[in-house]
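Let's take a walk through this structure together. Have a look at it, and then we'll go through it piece by piece.

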Protein chains: 2
Amino acid sequence: MAQATIRDVAREAEVSVASVSRALNGAENIRADTRARVVAAAEKLGYVPHAGARSLSMARAHAIGVVLPDLHGEFFSEIVRGMDKEASARGFHLLLSNMHADLNDAVHALRAMRGRVDGLVVMAPHLDAAELMRNMPQNVPAVLVNCRADQGTPALLVDNVGGADTMVRHLLGTGRRAIAHVTGPSGNLDAEERLAGFRLSMRRHAGVDDPLVLPGDFSEEAGAAATRALIAGGQRVDAIFAANDMMAIGCMLALREAGVSVPEQIAVAGFDDIPVARYLHLTTMRVPIAGIGALAVTRLTDQLSGRGNPAATELHAPELEVRATTTAHKKEGRTRT
Amino acid sequence: MAQATIRDVAREAEVSVASVSRALNGAENIRADTRARVVAAAEKLGYVPHAGARSLSMARAHAIGVVLPDLHGEFFSEIVRGMDKEASARGFHLLLSNMHADLNDAVHALRAMRGRVDGLVVMAPHLDAAELMRNMPQNVPAVLVNCRADQGTPALLVDNVGGADTMVRHLLGTGRRAIAHVTGPSGNLDAEERLAGFRLSMRRHAGVDDPLVLPGDFSEEAGAAATRALIAGGQRVDAIFAANDMMAIGCMLALREAGVSVPEQIAVAGFDDIPVARYLHLTTMRVPIAGIGALAVTRLTDQLSGRGNPAATELHAPELEVRATTTAHKKEGRTRT
DNA sequence: CCATACTATGTAACCGGTTACAGCGAAGGA
DNA sequence: TCCTTCGCTGTAACCGGTTACATAGTATGG
C-alpha cells in the first residue's frame, strides 16, 4: 500500500482536497470540527505531505543548495555545520553537492540543483570568475563564498591578504627575518591571495623583495616535502609560514624528523585554525569558518525574502592565534579552550 | 523573465513537449534532426530541466535524506564525506537534516523528507527502538546506522562491545590492572555498549566485577573533569579508557596539569580514531566512519534498485590502533601516516 | 495496389500538492 | 419576505515535467 495522498485523506474525512490542505496548513477559513475530522483522518492514514509536490506548486522548495569543492576535512565539517545550524533555524534544508576540480562537474552540479532549491551557496576557490558566472543559473539567488566573483554578486570573502600580512608582522615581531612561505595549489584563490599578502608584507615590512617561496598543495605531505627540500637545500631560514594548517603540520613533522627544534630554531605558522591546530600548539590565523557558513545562509535567506542588501560583498578578517610554535619556549603552551 | 520551461522549448523548436522530453533524455525513437532542433532551442533559451517537477512525475528524486544527531565535529565530517562520495558516484544528492536530542525534532526531520528523497540514512544513537520505528516513514527505504533498531530493518552497527573488549585486553596486555572507564552520555547507544563491553571484559579477563566507572558525556571537558575527580579522590589507577577520543584528550590535559606522566604512570586510551588522535599519539579503536557512511549509501541505493539483501544487519569491528599513550615510552611515537 | 508493420510525433492524463473562483447556506438588514 | 453579506466548502486549473496511447506517414511484402 502506497503512502496516503491528500486525496485519500479527503475521501476518508469526506471533504474536498482543498479543505484538507486548508486544515493541515492552519488556514483560518475552516470550521473547527472540519479541521478536527481532517486531522483525525490524516492521523489514521499516516498521511505525510509530499514535499516535492508542495514545492512544485508553491514554487518554493525550502531548501538551499550547497556546492563545495572537494572537501578538505575539517574545513568542510565546519562550514557545513555553520550552514546547517542557520538553515534549520530558518526552516530550510541543505542539499549537498561537491564538485571536483573539473569544470564540467561544476556545471553539472549547478544544473542539477535547479527546481530543487530556492538558492545556492557556492564555494569555488579554484574556478575563475568568467567561468563561474557563465555557469551560474540566471534566476536562482546565490551567495558566493571565497570565489573570484564579479562585482554585483553577493559574496563573502576571507581577507587572505590582510591575514598573511598579520602573520608576517607577527613573525617579524618575534625577531624572525628569514621567512619561507609554502604555497597552496596554483589556481586556488586562497593560495594565491595568501602568497600575495606574504610577498607584499615581506617587501613592505622586511624590505625583502624576493622571499623564499616553496610550492605546495595544501596537503600535509606537501608541507613535509617542502620542508625536507628546504633542509636538504641548506637554506637558512628561521620561520616557515605555510598557507594552511595541514601543510604547517607536515612542516613540523619533517622538522622533528630532521632534529630541528620548533620554535627555537625554526618557527612554524599556518592558516585556518582547524581544530587540530590547538592541540599541536600551532600559531595560525583563525578563519571563522562556521560563522561564514552561517552568514552565507543568513544572507541567502534574507535575499529570498526580500530583505537585506543582496549585492554587498563582505570581507572577513581572520584573527591571529598565537601559540607555542612561534613563541619562545616557555615550558608549555597555554591551555585555553 | 522566468526560467524557460519545457513548453517554451517546444514552442521554440516547433515540436511537442513529448519530443523535447525525448530529445533531451536520450530516447531512441526520435529523428536526429528533430533532436538537433530541440537541443538548439534549449541551448538558446538556457533551458535547465526542473528537477522537482521531474521527480514528481517519475516518483524518483535521486536524493537520499541524511538524518544525523547533533554533529560532533570530525565524526560528522567523516561520515558525510563517505556518504557524499558514494552518493555522487551513483548520481544521488544528499539532503541533510540534523536533529537535536528532542524527539519531536526527529519526527519533524523525518517527515520533512517525504517526497524529497528516495530513501533515508538515519543515525540516532540516542533514541530507543520503539520510538524510532514509530517515527520512520513506512514506505521509504531506510538504512539505520548505529541505532537501536528492530531486527528486519537494514542496519549498520559498530561492534562497540567487541571493541571495548579489545582495548581492555590490550591494556591488560601492557601490564595495567587498575583500569577506569569514562562513559559517554547516558541513553547513548555507543556509550552504553562500550561500557557494557568494558565491564564484560574486565570481569572475564581481569576478574574484576566492579571496575571504576566515571560518568562523562563525550566532551573534552567531561574527560578532564572526570580525571580531576579521579585524582582528587586519590583513587589508584594505572589506565584510563575513555569512551571516545575527545574525552581521552580531556583526560590527557588534566593529567598533564596534575603532573602525571602518560603513559608511565597512567595510560590513556580512546575510541573512534578521530583525525586529531594520530597527532596526539593516542591509542584508540579505529571506527571506519567514512567507510560506514559510504556503505550505508551503497546499501540504500542497492535496495532502491532491488539488489542486495536489504534486511541484513552488518556489524563492523573497529580496529585497535596502538600509539604512544599506552605503550612504554620509547623516545617518540611512530610517525606512520 | 492494398494490407501490414514500423517509426516519428502529438495529445492529454498523471504525479500530489495549492489556490482562485464559484457556489451554497445561514445570518442580518430593509 | 427578499436581498445582501459573510463564512465555509468544493471544483478545477496549475506548477513542470514524463509517458501511455492515438495517429499520421513511410517502408515492406504479397
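A polar contact here is a pair of N or O atoms within 3.5 Å. Keep in mind that this is a predicted model. With that cut-off in hand, look at Ser21(A): one of its polar side-chain atoms sits 2.5 Å from a phosphate oxygen of DNA strand C. Ile6(A) also reaches a phosphate oxygen of this strand, here with a backbone N or O atom at 2.7 Å. Ala53(A) goes for a base instead, with a backbone N or O atom 3.4 Å from a base nitrogen of DNA strand C.

Which elements give two or more residues to the surface near the strand? In chain A they are α1 (6–13), α2 (17–24) and α4 (51–58), and in chain B they are α2 (17–24) and α4 (51–58). The largest share, 5 residues, comes from α4(A).

Now zoom out to the whole surface around DNA strand C. There are 26 residues around it, and those that come nearest are Ile6(A), Arg7(A), Ser21(A), Ser16(B) and Thr34(B). Sorted by class, the surface has 11 nonpolar, 10 polar and 5 charged residues. On the DNA side, 57% of the strand's atoms within 4 Å of the protein belong to sugar or phosphate, and the rest to bases.

How do the two protein chains relate? Turn chain A by 180°, with 0.0 Å of shift along the axis, and it superposes on chain B with an RMSD of 0.2 Å. The two copies are therefore related as by a two-fold rotation axis. Both use the same surface, as 100% of the contact residues of chain A recur in chain B.

Finally, chain A itself is assigned domain 1 (6–49), domain 2 (62–153 + 288–316) and domain 3 (160–283 + 322–326). The C-alpha centres of domain 1 and domain 2 of chain A are 37 Å apart.

Methods
Residues numbered from 1 in each chain as written. Chains lettered and ligands numbered in written order. Predicted model: local features only at pLDDT ≥ 70, side-chain atom pairs only at ≥ 80, totals over all residues. Heavy atoms only, no water. Least-squares fit on C-alpha atoms with pLDDT ≥ 70 in both. Contact = heavy atoms within 4.5 Å. Domains from an automatic or database assignment. Near = heavy atom within 4 Å. Polar contact = N/O pair within 3.5 Å; in protein donor to acceptor, adjacent residues only side chain to side chain. Helix = DSSP H or I, 4+ residues; strand = E, 2+ residues; numbered from the N terminus. Nonpolar A, V, L, I, M, F, W, Y, C, P; charged D, E, K, R; others polar.
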